[in-house]
Amino acid sequence: MEHGEGWRLKYILCSMLLAPCSMLFAQAPPESSCVTCHKQLDAELLAPVTMMENDVHAHNGFGCESCHGGNPNPSVAEDPEAAMSRAAGYIGKPSRKNIPRLCGECHSDPALIKKYNPAVPTDQLAAYRTSHHGQRLFEAGDDKVAVCSDCHGNHGILAANDSRSAVYALNVPATCGRCHGNAEYMASYSIGTQQIADYDSSVHGQALLRKRDLAAPACNDCHGNHGAIPPDVASISHVCGRCHINNAELFDKSPHAKAYAEMGLAQCEACHGNHKITQPTDERLNPASEEFACAQCHEAESEGWKNGAEMYGILTDLKTKIHMADSLVGQAERAGMEVSEAKFIITSADDELIKARTQIHNYRAAILRERSQSGVTFANQAVELGRAALAELQFRRKGLAVSMVIIFVVAAALYAKIRRRDVEWRGESS
Ligand code: HEC
Ligand code: HEC
Ligand code: HEC
Ligand code: HEC
Ligand code: HEC
Ligand code: HEC
Ligand code: HEC
Ligand code: HEC
Ligand code: HEC
């Protein structure tokens, strides 16, 4: 009790000293019983106090008791039984199974959340229940799946758009990877743990994690934040199509849309995969290449196979023309000719080639031929301009040669004349 007396004295002294300050900062709530006592403890009993200093809940005035219950009144700061009393709603450390309901109590309550931040939705628990994680937790009692605190933390929870948050796009793959990349943790399941490594090596993973391009998808952009279910095969093109709008529109109108749906084939995934999506090249349309995408389902010389092969021809022709224009115009430029118009047209042809590659998602060579026509026209124009520039160069060179000859002849004639005058003059003077 002597110890207690000491604290009480110090408390009174501090309060007297701090009173003027607390009047200045009238909103600052008095320290709760929980914090007063726990900050004198150590290890995992102390950690929550320090971590809460950086927590979105604490910043909004929520104390320990808002999740754990109990009596936060400073008057019980020395009485653990009174502070952590079941009668005052104290629940102790929540079990993993109860965490979604605990967080959901407030986060499913629009009236409460809107008071603090009207922009934050209140569907997380409902969405979580539909996810594979939620289903296994609530229906099979499997508490190894992700609960709210696995992705957000428990103390020190940050706003989702805070770049230090575990659910900020750049940090999501590592957050999911704590389980999905951990072979030991996932050993009792059949889904494997290759998703993280595959994603890391993909165009998307490289763009997000290396180039820090926030337009590239993290895990949650395809799987949802809370409804983490693999997109079912019939809806994959909608997931990919949120960003690759043109490809998805073409696919939906193509002969594949209906056929894939009927046969239960995955849409974009059938050709591109899901996690290990690489930068495709024209070789994927080359019948002579192992990468030929159409051969996966279409037999040699069938309609699908022939359309693929023909598309390869169309793209190759366009590339060859652009290449030719490039080399002619380059030659003229190095010789000092003015070729800015031709170079601009080549850029346009390049753009058209890129657009043509998207058009392969019609899967019809006839359509690709039509759509790549403007590219061919630009490439032809550039070839013409390149040739004209070189012809002009030839012409100027010939012109130069002729004028050189004339200059030489005139100079020679002049010289001869001067010599003659010289001889005559010397003859006269001698
Ligand atoms: C006078 C000191 C004291 C006060 C006041 C106090 N605690 Fe504790 N708390 C402890 C000690 C000691 C432990 C570890 C022993 C135990 O579990 O009872 C603990 C443990 C806990 C645990 C972990 C329980 C577990 O099952 O692992 C939680 C959660 C907790 N306290 C929350 C609170 C909250 C919330 C308040 C305020 C409403 C509070 N405490 C007030 C001393 C205190
Ligand atoms: C937003 C809700 C929330 C708030 C606010 C909160 N906690 Fe917790 N706390 C949790 C959850 C969830 C767990 C269980 C974590 C787990 O299972 O890993 C937990 C666990 C604990 C534990 C058990 C030790 C551990 O880390 O596993 C202690 C002790 C504790 N909290 C104390 C506190 C104290 C003290 C405060 C206030 C400074 C506080 N908590 C504020 C949600 C909260
Ligand atoms: C599998 C990981 C995961 C789980 C489990 C999870 N979340 Fe989230 N949470 C996220 C991600 C990812 C975001 C969004 C980040 C963003 O907006 O870019 C998010 C965003 C949020 C937000 C910000 C508003 C919003 O909806 O975008 C809140 C609030 C939230 N989660 C609460 C919860 C609650 C409550 C639970 C448990 C019922 C939970 N989360 C479970 C990953 C998770
Ligand atoms: C007592 C009610 C309450 C409880 C319990 C609670 N929260 Fe909150 N939470 C709030 C309020 C209010 C906000 C403030 C809204 C804001 O400013 O974003 C908030 C904010 C958040 C945010 C930031 C949202 C954003 O992006 O702005 C996340 C993430 C979050 N809570 C997750 C959780 C998790 C996870 C749990 C359970 C461990 C939990 N919350 C428990 C009330 C609560
Ligand atoms: C705490 C560990 C943990 C974390 C963190 C976690 N998961 Fe899971 N996840 C699991 C477990 C366990 C399963 C169940 C596997 C099963 O049933 O085959 C699962 C299942 C899934 C499934 C369903 C797989 C199937 O069977 O078809 C998807 C999709 C998924 N998680 C995505 C994510 C994403 C995305 C994140 C991050 C935003 C994430 N998970 C974070 C543990 C976790
Ligand atoms: C570009 C979209 C996309 C991204 C990004 C993505 N996934 Fe997937 N994921 C899918 C698709 C599509 C499936 C397969 C669905 C099907 O076939 O039913 C899938 C399946 C899964 C599965 C089920 C098991 C399996 O391997 O088939 C898990 C677990 C999973 N993803 C986790 C993750 C994690 C973790 C990340 C981040 C590192 C991630 N995914 C990123 C689209 C994506
Ligand atoms: C959140 C937006 C987003 C989603 C969802 C998305 N992608 Fe992407 N994708 C991108 C971005 C951004 C790039 C460019 C990356 C880079 O190279 O910088 C890209 C690149 C690609 C590339 C390489 C093409 C190129 O020219 O670089 C392919 C192929 C691709 N995505 C296919 C898919 C498929 C298939 C899906 C669905 C399973 C999908 N994407 C889902 C944003 C997205
Ligand atoms: C039948 C196979 C197949 C399907 C299905 C398919 N693609 Fe492609 N995709 C290809 C081939 C082949 C290329 C390479 C074209 C080239 O480089 O010549 C490609 C190229 C791409 C590119 C890079 C070129 C560009 O448009 O920027 C993106 C992005 C892409 N596909 C996205 C998608 C999306 C999204 C879906 C689903 C809506 C999808 N693909 C469905 C075969 C397919
Ligand atoms: C995942 C399997 C799959 C892949 C890969 C695939 N197809 Fe198909 N394709 C089908 C199915 C199934 C049909 C409908 C049945 C049929 O007509 O053979 C179809 C039909 C077609 C048709 C319509 C055939 C007709 O008789 O009208 C064309 C054209 C076509 N595909 C072109 C392509 C091209 C080009 C590629 C490569 C870029 C390709 N397909 C790759 C499965 C595939």
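## Buried residues of helix H7

A residue counts as buried when its relative accessible area is under 20%. By this criterion, helix H7, which spans residues 99-107 of this predicted model, contains the buried residues Ile99, Pro100, Leu102 and Gly104. The buried residues of H7 pack against four helices: H5, H9 (124-130), H10 (132-140) and H11.

## The iron site of ligand 4

Helix H7 also takes part in a metal site, since histidine 107 lies in this helix and is paired with histidine 57 of helix H4 (residues 56-59). His57 and His107 are the protein donors of the iron atom of ligand 4, each through its NE2 atom, and they lie 2.0 Å from the iron. The pair links distant parts of the chain, 50 residues apart.

The iron atom of ligand 4 has six donor atoms, and the angles among them run from 87 to 178°, which makes the arrangement octahedral. Histidine 57 is partly exposed, at 25% relative accessibility. Histidine 107 is likewise partly exposed, with a relative accessible area of 27%.

## The iron site of ligand 2

Which residues coordinate the iron atom of ligand 2? His68 and His155 do so through their NE2 atoms, at 2.0 Å. Histidine 68 belongs to helix H5 (residues 65-68), whereas histidine 155 lies in the loop between helix H11 (148-152) and helix H12 (172-180), so the pair ties together parts of the chain that are 87 residues apart in sequence. Helices H5 and H11 are also among the packing partners of the buried residues of H7.

The site of this iron atom is octahedral, with angles of 88 to 180° among its six donor atoms. Histidine 68 has a relative accessible area of 24% and is therefore partly exposed, because that class lies between 20% and 50%.

## The surroundings of ligand 6

Ligand 6 has 18 residues around it, of which Gln195, Cys219, Cys222, His223 and His275 come nearest. Helices H12, H13 (195-201) and H15 (219-223) each supply at least two residues of this shell. By residue class, the shell divides into ten nonpolar, seven polar and one charged.

Several side chains place polar atoms close to ligand 6. For glutamine 194, a polar side-chain atom lies 3.4 Å from an oxygen atom of the ligand. For glutamine 195, a side-chain N or O atom is 3.1 Å from an oxygen atom of ligand 6. For histidine 223, the corresponding distance, from a side-chain N or O atom to a nitrogen atom of ligand 6, is 2.8 Å.

Note on methods:
Residues numbered from 1 in each chain as written. Chains lettered and ligands numbered in written order. Predicted model: local features only at pLDDT ≥ 70, side-chain atom pairs only at ≥ 80, totals over all residues. Heavy atoms only, no water. Donors = N, O, S within 2.8 Å, 3.2 Å for Na, K, Ca; no water. Tetrahedral: all angles 85-135°; square planar, octahedral: opposite > 155°, others 65-115°. Buried < 20%, exposed > 50% of the residue type's maximum accessible area, 1.4 Å probe, protein only. Contact = heavy atoms within 4.5 Å. Near = heavy atom within 4 Å. Polar contact = N/O pair within 3.5 Å; in protein donor to acceptor, adjacent residues only side chain to side chain. Nonpolar A, V, L, I, M, F, W, Y, C, P; charged D, E, K, R; others polar.
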